[in-house]
Amino acid sequence: MKAGKLPIEHLEKVLNAFKTSDPRIIAGPMPGEDASLIDMGDSYLIATTDPITFTANRIGWYAVNINANDVAVMGGEAKWMMATILLPENFSEIAANDIFNDLAEACNNLNISVVGGHTEITVGIDRPLISGVMLGEVEKGKEVRSSGAKEGDSIILTKAIPIEGCAILANEAENELLTNGIASALIEESRNLIHRPGISIVEDASIAMEAGKINAMHDITEGGIAGGLAELAYASNLGIHVTRENIPEIPQAKIFSEILGLHTLGIIASGSLLICTSPKHDSAIIKNLKSNGINATKIGSMKNLNYGLKISENNRTYDLPRFEKDEVARFLSEGH
């Protein structure tokens, strides 16, 4: 198998082995869903886990924000975190301290408490790895699921793509970009995208929910917006139509992609949120996001399952591209 997420169809097959008779599990493991829901009485406990494997730069910061995003798209608030940190041999104490400091800073920013974890120096890896577990809460009746999208819903995208991908490429492909004439100032600007506009969609989700009824939200991570849309459609058992010209793109993303031979739609894009809502609510949600400094754009709509996954560009409609692995993962696996 190739590096990256298991294909959705394969994942569904292996997840079928996990059956439970526990009535408190409201949403268990399912392709396309960002987290699980467990009945705790007046509220649901939200549980999720995500590793950071693409980059070694500020992985503590990444681990907190990526996992908090998964709680936010379920309509909840992230509160408790655990982390397993694996360090390669000969890793310096200073570098290890930086990881813990980044974890602490990111948790403090989001009012998240670290409640445990595990750390070890292990053989067989050439860079630090973190796997985070995030727990949060949502009041019953306010939960949101990726599977909740409805036919006819508008699809809204926040910010521009691919925030995380641009930041990772600025770190991991700096030499190639410099060699091809990219200014060091633009590389540094791209590196800082994880902070401005940021890879967190916690605020995006909260502001969107204030303005109108949200049927579904989905965090765009590995596999880029193409993968995120496919997961959203799969979870909701629906089709999708989006317009390429309506998808906002970070200006340098196209330049980086052309130089490195990557497809922007398949680049990891944490920092942008997909929102599904009735057309009667989309304008209010977009307006509220923009009034709070978060760009938001309607990029398409949910269709009947038989419609499939389609994208229009230059007045031509074709199948939404599918990527066997994230474009950044492919780039890194080829030895760059």
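These legends introduce a predicted model through several close-up views.

**View 1. The whole chain, from end to end.** Welcome to the fold: the secondary structure of this chain comes to eleven helices and 13 strands. With a radius of gyration of 19 Å, close to the 20 Å that the globule rule gives for 336 residues, the chain is as compact as a globular protein of that length. Laid along its principal axes, the C-alpha trace spans about 55 × 50 × 40 Å.

**View 2. Inside and outside of the chain.** Buried residues account for 50% of the 336 residues. On the outside, the accessible surface comes to about 15,500 Å², and carbon and sulfur atoms hold 50% of that area. How are the contacts spread along the sequence? Among contacts between residues at least 6 apart in sequence, 84% join residues at least 24 apart.

**View 3. An open sheet of seven strands.** Read across the sheet, the strand order is β8-β10-β7-β11-β9-β12-β13, and the pairing is mixed. Which strands form the edges? They are β8 (216–219) and β13 (316–319), and each of these pairs on one side only. From one strand to the next, the twist averages 25°.

**View 4. One edge of the sheet, where β8 meets β10.** A general point helps here: strands of a sheet pair through backbone hydrogen bonds, in either a parallel or an antiparallel sense. For β8 and β10 (residues 273–277), the sense is antiparallel, and the pairing runs over four bridges. To find your way in this view, start at aspartate 219, whose bridge partner in β10 is leucine 273.

**View 5. Helix α4 and its surroundings.** Helix α4 covers residues 163–172, and nine of its ten residues are buried, so the helix is largely enclosed by the rest of the structure. The buried residues of α4 are Ile163, Glu164, Gly165, Cys166, Ala167, Ile168, Leu169, Ala170 and Asn171. What covers them? The cover includes helices α2 (59–72), α5 (174–179) and α6 (184–191), along with α9 (251–260) and α11 (327–333).

**View 6. Two cysteines in the interior.** Is cysteine 107 buried or exposed? Its relative accessible area is 2%, and because buried means under 20%, cysteine 107 counts as buried. Cysteine 166 is buried as well, with a relative accessible area of 1%, and this residue belongs to helix α4 from the previous view. How many disulfides are there in the whole structure? A search finds zero.

Note on methods. Residues are numbered from 1 along each chain as its sequence is written. This is a predicted model: local features need pLDDT of at least 70, side-chain atom pairs count only at pLDDT 80 or more; totals for chains, interfaces and linings use all residues. Side-chain values use heavy atoms; hydrogens and water are left out. Two strands pair if DSSP finds at least two bridges between them. Helices (H or I, at least four residues) and strands (E, at least two) are DSSP runs, numbered from the N terminus. Axes are lines fitted to C-alpha atoms, for helices over the stretch in contact, and angles run from 0 to 180 degrees between N-to-C directions. A disulfide is a pair of cysteine sulfur atoms within 2.5 Å. Buried means under 20% relative accessible area, exposed over 50%, partly exposed in between (1.4 Å probe, protein chains only). Contact means heavy atoms within 4.5 Å. The radius of gyration is taken over C-alpha atoms; the globule rule is 2.2 Å times the number of residues to the power 0.38. Accessible areas come from the Shrake-Rupley method with a 1.4 Å probe; for residues, only the protein chains shown count as cover.
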